[in-house]
Amino acid sequence: MKLRYARTSPFVRKVVVFAEESNVAETIHKVDTDVWSADTDIHEDNPLGKIPALVTDDGTFVGSFACCDYLNKRWSTKKLIPENDAPRWRVMQIHGLADGAMEAAVAYVIEARRRPQEFVYADFLDRQMSRLDKTMNSLEARIGDLSELDLGSITTGCMLGYLDFRLSDQFDWRARAPQLADWYKEFSQRPSMQGSTPA
Ligand SMILES: N[C@@H](CCC(=O)N[C@@H](CS)C(=O)NCC(=O)O)C(=O)O
């Protein structure tokens with residue numbers, strides 16, 4: 001399998017950590033991809049121009065959730081997305097919150113760093129920051145739902161890692177969510193997280 005990859009992307013990191021934790025990493029070949037380069041070839045694998053994309057004998061999966069779901073169903077020897085009922089609802093709910101926060105953080109960073117300064121829209125930045133702020137409260141309130149290793153906790157860990165990587169000057173998430181900070185301190189020590197720290 002081929003994974004369109006960049007070390008800085010939290011969505012790619014989600015797939016990389018998921019793959020390692022579910023024992024399929026060695027079957028994945030990472031292909032460095034700069035989606036922002038003028039001559040990027042990402043569109044050959046993803047018409048949306050985004051990473052991650054996972055190219056497999058069963059077709060190409062775009063978007064981090066579809067990539068993880070495929071790995072889980074088809075290859076993983078350790079299942080990290082529960083099949084049914086309450087365990088599945090919990091993972092999907094946590095994943096939705098963490099993935100949405102990841103989207104907000106990436107949107108903030110693109111607006112702040114990639115737009116010419118005179119076009120940066122302050123209200124847009126505020127809206128993303130408000131999403132992040134409120135989602136920290138929700139995750140803090142559901143800290144007990146992060147005790148298992150699964151798609152929800154992996155996405156949360158990668159999202160918080162991205163906040164540290166790109167938004168540490170703008171957003172002190174640890175002050176908003178002290179229990180989450182304690183949880184992350186431990187979670188981020190996992191070899192899968194240590195080996196994929198964005199740089
Ligand atoms: N919902 C997608 C989001 C993927 C995404 O936004 N990837 C970013 C890198 S972190 C990207 O490729 N951006 C390129 C662009 O927006 O043109 C997923 O879950 O994978």
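Me: Which atom of the ligand does the side chain of Ser-64 approach, and at what distance?
Reply: In this predicted model, an oxygen atom of the ligand lies 2.6 Å from a polar side-chain atom of Ser-64.

Me: And what does Glu-103 contact?
Reply: An N or O atom in the side chain of Glu-103 is 2.8 Å from a nitrogen atom of the ligand.

Me: What about Ile-51, backbone or side chain?
Reply: For Ile-51 the atom concerned is a polar backbone atom, 2.8 Å from a nitrogen atom of the ligand.

Me: How much of the ligand does the protein bury?
Reply: The protein buries 80% of the 510 Å² that the ligand exposes when taken alone.

Me: Where does the ligand sit?
Reply: The ligand occupies the largest pocket.

Me: Which residues are around it?
Reply: The residues around the ligand include Ser-9, Pro-10 and Phe-11, then Val-35 and Trp-36. Gly-49, Lys-50, Ile-51 and Pro-52 also belong to this shell, as do Gly-63, Ser-64 and Glu-103.

Me: How does that shell divide by class?
Reply: Six residues of the shell are nonpolar, four are polar and two are charged.

Me: Changing topic: what are the domains of the chain?
Reply: The domain assignment gives domain 1 as residues 2-74 and domain 2 as residues 85-190.

Me: What distance separates their centres?
Reply: Taken over C-alpha atoms, the centres of domain 1 and domain 2 are 20 Å apart.

Me: How many residues are in contact between the two?
Reply: On the side of domain 1 there are twelve, and they are in contact with 18 residues of domain 2.

Notes: Residues numbered from 1 in each chain as written. Predicted model: local features only at pLDDT ≥ 70, side-chain atom pairs only at ≥ 80, totals over all residues. Heavy atoms only, no water. Near = heavy atom within 4 Å. Polar contact = N/O pair within 3.5 Å; in protein donor to acceptor, adjacent residues only side chain to side chain. Areas by Shrake-Rupley, 256 points an atom, 1.4 Å probe, with all protein chains shown as cover. 1 Å grid on protein atoms, 1.4 Å probe; cavity = no way out; pocket = protein on both sides within 12 Å on 5 of 7 lines; lining within 4 Å. Sits in = over half its atoms within 2 Å of the grid points. Nonpolar A, V, L, I, M, F, W, Y, C, P; charged D, E, K, R; others polar. Domains from an automatic or database assignment. Contact = heavy atoms within 4.5 Å.
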